[in-house]
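Please walk through this model with me, beginning with its sheet and ending with the helices that lie against the strands.

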Amino acid sequence: MARAGGSEIALHQFVEALASRDAVGSHVLQCERLLRDLGVESKIYTRTVHPELTGRGFNHEDFRPGKTPTALLYHTAIGGPVADYVCARPEPRIIHHHNITPADMFRVWDPNLAGFLDLGRSQLAALTPDAILGLGDSRFNAGELEQLGARRTAVTPILLDLEDILHEPDEAVLDQLTAARRGGSSWLFVGRLSPNKAQHDIITAFAFYRRTVDPVATLRLVGVSSSVAYEQALVRLISDLDLQDAVTLAGSVPPGTLAAEYRAADALVVLSDHEGFCVPVLEAWHHGLPIVAYAATAVTETVGSAGVLLANKSPAVVAAAVATVLEDADLRSRLVTTGRLRLGEFSLKESRRAFTDAVMPVLDELASR
Amino acid sequence: MEAHDQVVADPGELAMRIEARAAELRETADLPDTFEAELAERFDSLVPPDPAYRLPDTINSIRAMSTISVEVPVESSRFPPLRVPKSAVRMATSWYLRFVADQVSGVGRATAEALDLIEIRLRRLEHQPAPRPSPIESGPVSADIDALLAERDHDGPVVRVESLADLAALPRGGVGAIGVTTLAESMDAGRVEALVEQTQRTLRTGGLLVISSPTPAAWSRTDPLEADLAGRRPLHAESWVTLLDREGFDPVRAQLAPDSYVVTATKGHVVTATKGHVVTATKGR
């Protein structure tokens, strides 16, 4: 396909799984659209395709390069055969590092998954040194690529069409959630039930908050489970702390319900030990929800100054931070305003520009060889 | 985008406010000094104790994954109409794909079962006795099993068997020596189990068991298309030694040559055979 400059180039994407309602999956689809807009030939190759995306991805072993100069763009998330396939290919490669959860966080909960995470890390180490470009959703991610020997890196925020992920709330659900609050404050966390997201720390901090600040407060944890053992431990913890009536594991919810969850809550509390980006922060800003977050990994730079970042997450400190935000109307208002402004930095337009600025010079160099 | 950089005039001041509020909360009436620590301990008590004890879960996971999908992708990236003939080919060959899938699944199961033995060996490490001289010696192997049986006197009849039916026909506890030929080459776990049970039943205490077999390597050379993957090809000499030793034979020795081996085992006074042990041990080749 001829680009605006007249030369031809192909950049095909490879990912272990093309998932629906998933940050990496959405990003890959947006990348395809952007590359085609830029006149770059591009297809998605993967091992599994979510049924909702049938026809959007092709089996990675069916990849056949054409006569056009071709590079490969591999997206990291977990280990798998696609990485080995890309590693063995002769074409120049670009790595987009969305980060891989450290396996140790899963070791005791799901050894099998930990094995795949270990595999992902080892494959990343093999893929990175020869890559012509390393992309990171965050400075944190790009820094990891540099530590692995990447010669050239850039920070390109995840490509998300906010119009796609930011929905209007389901009014009926919103009414139900509002009624269920019983006059107390409402904490919210959105993300897979996963040890690295540390929902257990949220629950213990919330228990402290109920005991010391608001005895009728509620907490909703929205997200599908990624570890049965961890989920069971959370259920047991909730029971042990006698919080069954106050804490809800809401599971995976449709977009309208998710929007209602944000609208019905008073604060998004993020205590994750590891995040590669943290999309729920953007959703919280959109819905005018203040954020209290533990300053770790990529959360620190995604939240920036548009949230209260904590250096430690002891129950008393988290409870005090949420209480301060909810009791100080001026602080809360400024956080909401700042969040909405910062959301603009992650607009699709801005992210497409960052991706274009990072990738096209490299493709131009390849095309001119 | 810099306008929002200072959501609070002094972030340090906000941090101090939060710390001060946290200190206040910790002073809440009726709140035990140890409350925060207790909260942490509540969760810590729910964390699985040691990754080593999760090994069975890993094995189960691998076993659960020991299947493959025979759904061949029929999408065509280069020429979409090709999907139709590809689908037809897939339908026509589906029986063969399922056959291949079964074979691959067998490999996966064999791998998982091999892990069973590794796990057992790991657990037994702390109970291992002091190292003994290797019971396996390399060198020429006599093909004359009658000569091996005749090397020593036996209190009771000496018999050669070539089938499990031969063994089953023998009387209980009165046989002095049993020579097994042409039987051990192609035994699955159940038949190995039956062989051990029958020899224990029929041999007198102190009786001799002699097993002669081609090695797996020799078998592969005979038919390179027959991979030794699913536990149906000759057991390694080491496997027989491990198995018979665990089942109460003492001493157990093996003479190993490139293409064949002979295992000799004397029935001991203590018999510890259990079905579970036999099946597990025969898998870990």
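The paragraphs below take the sheet, then the helices.

This is a predicted model, in which local features need pLDDT of at least 70 and side-chain atom pairs count only at pLDDT 80 or more, while totals for chains, interfaces and linings use all residues. Residues are numbered from 1 along each chain as its sequence is written, chains are lettered from A and ligands numbered from 1 in the order in which they are written, and side-chain values use heavy atoms, with hydrogens and water left out.

Seven strands of chain A (DSSP runs of E, at least two residues, numbered from the N terminus) form an open sheet in the order E3-E2-E1-E4-E5-E6-E7, with parallel pairing, where pairing requires that DSSP finds at least two bridges between two strands. Strands E3 (57-59) and E7 (153-155) of chain A are the edges, each pairing on one side only, and the twist averages 30 degrees from one strand to the next. Within this sheet, E1(A) and E2(A) pair in the parallel sense over five bridges, and A:Phe14 stands opposite A:Tyr45 in E2(A).

H1(A), a helix (a DSSP run of H or I, at least four residues), packs on the sheet, touching E1, E2, E4 and E5 of chain A (contact means heavy atoms within 4.5 Å), and its direction makes about 165 degrees with that of E1(A); such angles run from 0 to 180 degrees between N-to-C directions, with axes fitted to C-alpha atoms, for helices over the stretch in contact. H14(A) lies across E1, E4, E5, E6 and E7 of chain A, running at about 170 degrees to E6(A). After H1(A) comes A:Gly39, whose phi is positive, near 80 degrees.
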